[in-house]
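Dear colleague,

I am handing over the structure below, and after it you will find an account of what was found. Please read the account with the coordinates open beside you.

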Amino acid sequence: MDNDEDFDTEADANCDEWIEEDSTPCQCLVCDAVSPSAGEVVEHLKQNHSFDLMLVAKQLNLDFYGRIRCVNFIRSQAKDNANFKLSSVANSVSVWSQGEKYLAPVIENDPLLYALDFDDDEESELATKFSQSVAVADGDQQKVLQLERQLAEMKEAFTEYKEMVRKTFLEEPMSSGVGSAVSSKPAVIGADETNWNMDYYFGSYAETEIHETMLKDAVRTESYRDCFYLNKDFFKGKIVLDVGCGTGILSMFAAKSGAKHVYAVDNSTIILKAQEIVKQNGLSDKITFIRGEVEHINLPVETVDCIVSEWMGYFLLFEGMFDSVITARDRWLAPDGVMAPSYANIQIAGLEDAEWINDKYHFWNDVYGFDYSCMKGTFLDDGQVDIARKDSIITDPFILKELDLGSITPPQLDFVTPFSLKFNKSGRLHALCGWFDIKFEFPDTSGTPVFFSTSAAATPTHWKQTTFVLDKPLDVDAGTVFEGTFECRKNPENARELDIVISYAVPKTLEKRTQKFTVR
């Protein structure tokens, strides 16, 4: 960005990190229309909704906080109140102009908020006052210098004011995981814990980094590509629904494979970038983007021929996105339609890796002569997402759960499965290592199936493996069997997390033990 061109003052230049460029796509305040920039949204509001946002802000004498509140109030009302009218904004100013409720963005990374700079008004006012003061004090150099200092101090105060808004309400990182533009304080937006978890989930997928990681995962991305490109005869003329479209790569694969039309759905602001990407690649006529949750949107068609989604999380079911895919399937998939992928399973095997345990856990016992054991945290309570070495697996694999994605129901995603693992060599059992396999299949026997695995024996993926470390390692002999039950359920407080309970019998003593884990 050329600061000399885009900003009149040095103080404004310091704000360029949070004032978005004019080319950022932006959604209308009250309808689903998406414009190429925030400025064009303002024009759209004038032309299509007879509402002049900037004029209202000026008439109500709104400062920067007031403009933030105004935009978020309108967005929230348009979303939740079917009777809301823009004409009521000015009359209800007392409702939304105070407190913190409407300071947090309704839409993550809302470009309209980033464009709500107030330099033109306040700084021009400052300049006017300054010039007037200089005229009065003409010839008094000391007063001129004093006024210059005052003006600089006031400009600096405005800069700090805007920076505080940015850090507190627009770009505050989450308490854990990938940051987003959603505040980490649920009380600010008046949402309950469930809504905050949803905001965090969708907000995390607004970040470029997570999409870069997924796109660079060749196993993942090329498997989806092959699903389409190796089966063009099947997809020719078909209607495809992409659930959780992200940057739109799967939608573009579908369009390039001959699909008649693709409906791409996502509730994250990444969909605005996806729309731009599709336009850059000349596929806008083939792909329609719809922002929202599949539970609450409508499609312009009654049925689709294929539902594609990259919904898998760590240990397959982490993030709980497949529930939404099931909803889409039950609402729109034609009776002879295809799910892509169509099959998945979850597997476990025994793991021996003293070096990994020492590096991740025992390391904290002695850090340059100091006791850091409090840093071990929840290592033994959480499923550890990491790459397991192929030669660390010391049992045959065991399939815990098979999922026919065309028929499975949400309650069936929770399961309790007895397991039996046979040791293929003597050693020490440190943990159970979990992963999943994925298959794309087609009803036509001439179709080409596609398969990939996230096991330790396969090419590593961004899903890695999920390892459940035993609090006490077990000495085992080749040929013996390790038996127990594996329970997996959604966390009742955060359905995107998994609660795991592993109960087992120690091979040599048959002592019963139980250990609980969380995948988060």
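Helix H15, made up of residues 249–256, lies across strand E3 (239–243), strand E4 (261–266), E5 and E6, and runs at about 175° to E4. Please keep in mind throughout that this is a predicted model. Helix H17 (residues 322–332) also packs on the sheet, where it touches E3, E6 and E7, and its direction makes about 155° with that of E7.

The sheet itself is open and is formed by 5 strands in the order E5-E4-E3-E6-E7, with parallel pairing. Its edge strands are strand E5 (287–291) and strand E7 (333–340), each of which pairs on one side only, and neighbouring strands of this sheet are turned by 20° against each other on average, with direction ignored. Strand E6, which covers residues 304–308, pairs with E7 in the parallel sense over 4 bridges, and Ile307 stands opposite Met339 in E7.

Strand E7 also holds Gly337. Is Gly337 buried or exposed? Neither word applies, because its relative accessible area is 23%, which makes Gly337 partly exposed. Between Gly337 and Thr303 there are 8.9 Å in space, C-alpha to C-alpha, although the two are 34 residues apart in sequence.

Turning to the nonpolar interior, the largest nonpolar core has 89 residues, and those with the most contacts inside it are Leu241, Leu316, Phe486 and Ile500. Helix H15 contributes the largest share of this core, namely 6 residues. If residues up to four places away in sequence are not counted, Phe486 touches Phe315, Ile348, Leu400, Phe415, Val416, Thr417, Phe419, Phe468, Ile500, Val501 and Ile502. Another core, of 27 residues, lies apart from the largest one, and among its members are Phe51, Leu53, Phe64 and Leu103.

A last position to look at is Thr467, which lies in strand E14 (residues 465–476). Thr467 has a relative accessible area of 3% and is therefore buried, the cut-off for that word being under 20%. Which residues surround Thr467, leaving aside its neighbours within four places in sequence? Thr467 is in contact with Leu351, Trp356, Asp382, Gly383, Gln384, Ala431, Leu432 and Cys433. In addition, Thr467 and Ile387 are 9.1 Å apart in space, C-alpha to C-alpha, while 80 residues apart in sequence.

With kind regards

Definitions and conventions
Residues are numbered from 1 along each chain as its sequence is written. This is a predicted model: local features need pLDDT of at least 70, side-chain atom pairs count only at pLDDT 80 or more; totals for chains, interfaces and linings use all residues. Side-chain values use heavy atoms; hydrogens and water are left out. Two strands pair if DSSP finds at least two bridges between them. Helices (H or I, at least four residues) and strands (E, at least two) are DSSP runs, numbered from the N terminus. Axes are lines fitted to C-alpha atoms, for helices over the stretch in contact, and angles run from 0 to 180 degrees between N-to-C directions. Contact means heavy atoms within 4.5 Å. Buried means under 20% relative accessible area, exposed over 50%, partly exposed in between (1.4 Å probe, protein chains only). A nonpolar core is a set of buried Ala, Val, Leu, Ile, Met, Phe, Trp, Tyr and Cys residues joined through side-chain atoms within 4.5 Å.
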